[in-house]
Amino acid sequence: MAKKRENEQAQKAFGWASRDPSGILSPFHFSRRENGDDDVTVKTLYCGVCHSDLHTLKNEWGFTKYPIIPGHEIVGFVTAVGSSVHKFKVGDRVGVGVIVGSCQTCDICEQSLENYCPKMKFTYNSTDHDGTNTYGGYSDMIVVHQHFVLQFPENLPSDAGAPLLCAGITVYSPMKYYGMTEPGKHLGVAGLSGLGHIAVKIGKAFGLKVTVISTSPKKEDEAIKKLGADTFVLSSDPAKLKAAANTMDYIIDTIAVVHPLAPFLSWMVGSCIGGMKETQEMLDFCAKHNITADIELISVDNINMVMERLAKSDVKRLGKEATLECITYGGIDDQAVAAAEKLTSTEDEENNIAMESSKVAEKLDQEKKRKNQNSILKPKKKKYRSIHNLYLETNPINL
Ligand SMILES: [Zn+2]
Ligand SMILES: [Zn+2]
């Protein structure tokens with residue numbers, strides 16, 4: 001039995017946890033391990049909200065360990081590095097995705113397929129090597145072994161880039177695996193979900209012919225004009241759908257993969273997320289091609305409302321209706337910057353994190369500028385209670 005050490009570790013942390021299958025999130029004080037020789041401590045700026053978060057919160061897959069802090073699309077900056085860490089330095093902007101550990105010695109790990117290692121650790125709801133539970137990114141900071149930290153490319157926005165850490169790799173990895181990287185090949189994308197719209201963007205960046213398959217005629221404009229898909233087919237038109245499908249080299253069914261962790265329930269099924277090398281490659285690819293998620297930001301104060309919206313959209317999806325996907329959590333506005341500075345200086349005192357607050361302010365300022373440049377984002381003015389400013393982003397979808 002793992003010893004509960006949530007409050008006994010070196011670094012004080014704060015997040016939003018659910019204590020039971022109601023899935024309701026509330027403020028949670030806990031602790032993270034001391035930054036070890038191979039560790040990187042990351043201060044959270046944003047965290048995407050994934051359907052897997054919702055399903056885990058509510059114990060819908062039957063293996064949730066409470067209390068649980070979800071979140072596996074984390075973008076933040078480095079506040080401390082261990083003595084063996086040379087790839088990252090304090091102040092670097094980094095990403096943490098779905099996994100934070102593996103054995104790093106087996107054949108599978110040698111091939112950088114850490115996501116298939118039998119000792120793989122999820123970013124939340126896993127038991128870490130030291131017996132503690134892993135807690136995800138709905139929290140102010142995280143300590144991660146350097147191998148599982150990703151360099152976040154300079155031109156990727158932290159908020160709209162965050163969902164790539166799960167949704168992006170979930171569609172990128174099978175495209176690579178099935179050779180859907182050769183220009184001219186024909187990709188079908190079923191469902192213009194959060195995953196679907198990223199699949200269209202990545203497909204176009206590879207030079208593929210992309211066809212969106214949807215139940216809703218209203219999606220045609222979005223698919224073709226906004227996302228640049230080549231053709232659009234209604235799934236309610238079987239003859240056209242069959243004709244189109246016959247010319248497709250591969251179809252990404254974003255409805256089937258909308259719960260990216262589900263495949264872990266049966267190990268033999270298909271591909272799931274990606275290894276660290278491939279995830280870094282995906283981030284670099286998206287940065288190069290200016291691919292980000294379409295997002296709506298929402299304050300963390302509204303996290304429970306967000307989860308309700310997600311839950312409702314799940315129900316609706318079964319009835320083939322609209323849904324939403326991809327929420328980024330974090331947030332930088334004047335109040336958030338002030339809160340972050342305050343929080344960071346407290347942490348510095350308490351945890352001896354070697355980060356000057358002026359440097360934090362500088363980083364946050366850069367984030368703010370970066371965000372202002374991103375025209376997709378229309379942050380709502382909210383009253384913030386803490387640094388955890390969660391913003392909801394939506395990609396309304398139809399099958
Ligand atoms: Zn996810
Ligand atoms: Zn391994």
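Are His72 and Cys166 buried or exposed? Both are buried. The legends below describe close-up views of a predicted model.

**View 1. The zinc ion (ligand 1) is held by residues from separate parts of the chain.** Three protein atoms coordinate this ion: Cys50 (SG), His72 (NE2) and Cys166 (SG). They lie at 2.0 to 2.2 Å. Along the chain, these donors are spaced as C-x21-H-x93-C. His72 and Cys166 are 94 residues apart and link distant parts of the chain. His72 sits in the loop between α1 (51–57) and β4 (74–81). Cys166 sits in the loop between α3 (158–161) and α4 (167–177).

**View 2. Four cysteines bind the zinc ion (ligand 2).** The donors are Cys103 (SG), Cys106 (SG), Cys109 (SG) and Cys117 (SG). Their distances from the ion run from 2.3 to 2.4 Å. The site is tetrahedral, with angles of 102 to 118 degrees among the four donor atoms. The spacing along the chain reads C-x2-C-x2-C-x7-C. How buried are these cysteines? Cys117 has a relative accessible area of 1% and is buried. Cys109 is buried too, at 8%. Cys103 has 23% relative accessibility, so it counts as partly exposed. A search of the whole structure finds zero disulfides.

**View 3. Helix α4 is mostly covered.** Nine of the 11 residues of α4 are buried. The buried stretch includes Ala167, Gly168, Ile169, Thr170 and Val171. Tyr172, Ser173, Pro174 and Met175 are also buried. What do the buried residues of α4 pack against? Two of the partners are helices, α5 (194–205) and α8 (276–288). The others are strands, β10 (186–190) and β13 (250–253). After α4 comes Gly179, with a positive phi near 70 degrees.

**View 4. The largest nonpolar core lies between two domains.** This core has 90 residues. Tyr138, Leu187, Ile202 and Met307 have the most contacts inside it. Why does the core lie between domain 1 and domain 2? Domain 1 (1–166 + 260–399) and domain 2 (179–253) both give residues to it, so it lies between them. Another core, of five residues, lies apart from it. Among its members are Ala190, Ile213, Ala244 and Met248. In soluble globular proteins, nonpolar side chains tend to be buried together.

**View 5. Asp37 sits in a loop between two strands.** The strands are β2 (25–32) and β3 (39–49). Which residues does Asp37 touch, leaving aside those up to four places away in sequence? They are Gly82, Ser83, Ser84 and Val85. Gln146 is 109 residues from Asp37 along the chain. The C-alpha atoms of Asp37 and Gln146 are nevertheless separated by 9.4 Å.

**View 6. The whole chain sets the close-ups in context.** The chain has 11 helices and 16 strands. Of its 399 residues, 59% count as buried. Among contacts with a separation of 6 or more, 75% come from residues 24 or more positions apart. The pair His72 and Cys166 is one link between distant parts of the chain.

Conventions: Residues numbered from 1 in each chain as written. Chains lettered and ligands numbered in written order. Predicted model: local features only at pLDDT ≥ 70, side-chain atom pairs only at ≥ 80, totals over all residues. Heavy atoms only, no water. Donors = N, O, S within 2.8 Å, 3.2 Å for Na, K, Ca; no water. Tetrahedral: all angles 85-135°; square planar, octahedral: opposite > 155°, others 65-115°. Buried < 20%, exposed > 50% of the residue type's maximum accessible area, 1.4 Å probe, protein only. Core = buried A, V, L, I, M, F, W, Y, C linked by side-chain atoms within 4.5 Å. Domains from an automatic or database assignment. Disulfide = S-S within 2.5 Å. Helix = DSSP H or I, 4+ residues; strand = E, 2+ residues; numbered from the N terminus. Contact = heavy atoms within 4.5 Å.
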